Amino acid sequence: MADTDPDALEQQIERTRAELARTVDAIADRVSPKRVAEREVAKAKANAKQFVTSFEDLLRGHPRRFTTYAPIDEAEPPRTPSMGPLLVGIGAAVVIGAAVVLLRRRAR
């Protein structure tokens, strides 16, 4: 049966109230715009640092250590990408840049 002792009920209510207050505070802290922004900035910094490190490793000739700049998933082994897509992207940027310069010179 239920505990009918008024003192015990009052203590249980106080414990429940305190637990609920902690839960509400934790939720409020988690959804606070300041906290959300801090977490996103930290995540962006970590991703940028990992991307730069991976790119440096690739340029130094250590493609085995190259990983994507997405958060690391420990369950998956790191993938080794080929240099092809990177070189195609650089080549496309050079061609587009040269085309823009040539078009601007002709327009004068």
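At what angle do the axes of helix H1 (residues 6-31) and H2 cross, and within what distance do they come? In this predicted model, the two axes come within 5 Å and cross at roughly 55°. H1 and H2 are therefore oblique to each other, since an angle has to be under 35 degrees to count as roughly parallel and at least 65 to count as roughly perpendicular. On the H1 side the contact is made by Asp 29, Arg 30 and Val 31, and on the H2 side by Pro 33, Arg 35, Val 36 and Arg 39. By residue class, the contact of H1 with H2 divides into 3 nonpolar residues, 4 charged residues and no polar ones.

The wider layout can be stated briefly. The protein chain holds 3 helices and 0 strands, and along the sequence it follows the pattern α-α-α. Of the 108 residues in the protein chain, 6% are buried.

Helix H2 covers residues 33-59, which is 27 residues. From its first C-alpha to its last, H2 reaches 38 Å, close to the 39 Å expected at 1.5 Å a residue. Which residues of H2 are buried? They are Asn 47, Gln 50, Ser 54, Asp 57 and Leu 58. An α-helix has 3.6 residues a turn, so residues three or four places apart point the same way. The cover over the buried residues of H2 includes helix H3 (84-107).

The end of H2 can be followed residue by residue. Leu 59 lies in helix H2. Is Leu 59 buried or exposed? Leu 59 is exposed, because its relative accessible area is 58% and the cut-off for exposed is over 50%. Leu 59 and Met 83 are 24 residues apart in sequence, while their C-alpha atoms are 9.9 Å apart in space. Just after H2, Gly 61 takes a positive phi of about 90°.

Helix H3 comes next. H3 has 24 residues and reaches 34 Å between its first and last C-alpha atoms, close to the 34 Å expected at 1.5 Å a residue. How many of the 24 residues of H3 are buried? The count is 0, and H3 is hardly covered. H3 is nevertheless part of what covers the buried residues of H2.

A database record also bears on this part of the chain. An unreviewed UniProt entry places the feature "transmembrane region" at residues 83-103. In the model, the chain over residues 83-103 is 95% helix and 0% strand. The end C-alpha atoms of residues 83-103 are 30 Å apart.

Definitions and conventions:
Residues numbered from 1 in each chain as written. Predicted model: local features only at pLDDT ≥ 70, side-chain atom pairs only at ≥ 80, totals over all residues. Heavy atoms only, no water. Helix = DSSP H or I, 4+ residues; strand = E, 2+ residues; numbered from the N terminus. Expected span 1.5 Å × (residues − 1). Buried < 20%, exposed > 50% of the residue type's maximum accessible area, 1.4 Å probe, protein only. Contact = heavy atoms within 4.5 Å. Axes fitted to C-alpha atoms, helices over the stretch in contact; angles between N-to-C directions. Parallel < 35°, antiparallel > 145°, perpendicular 65-115°, else oblique. Nonpolar A, V, L, I, M, F, W, Y, C, P; charged D, E, K, R; others polar. UniProt positions renumbered as here; feature names shortened; annotations may be inferred.
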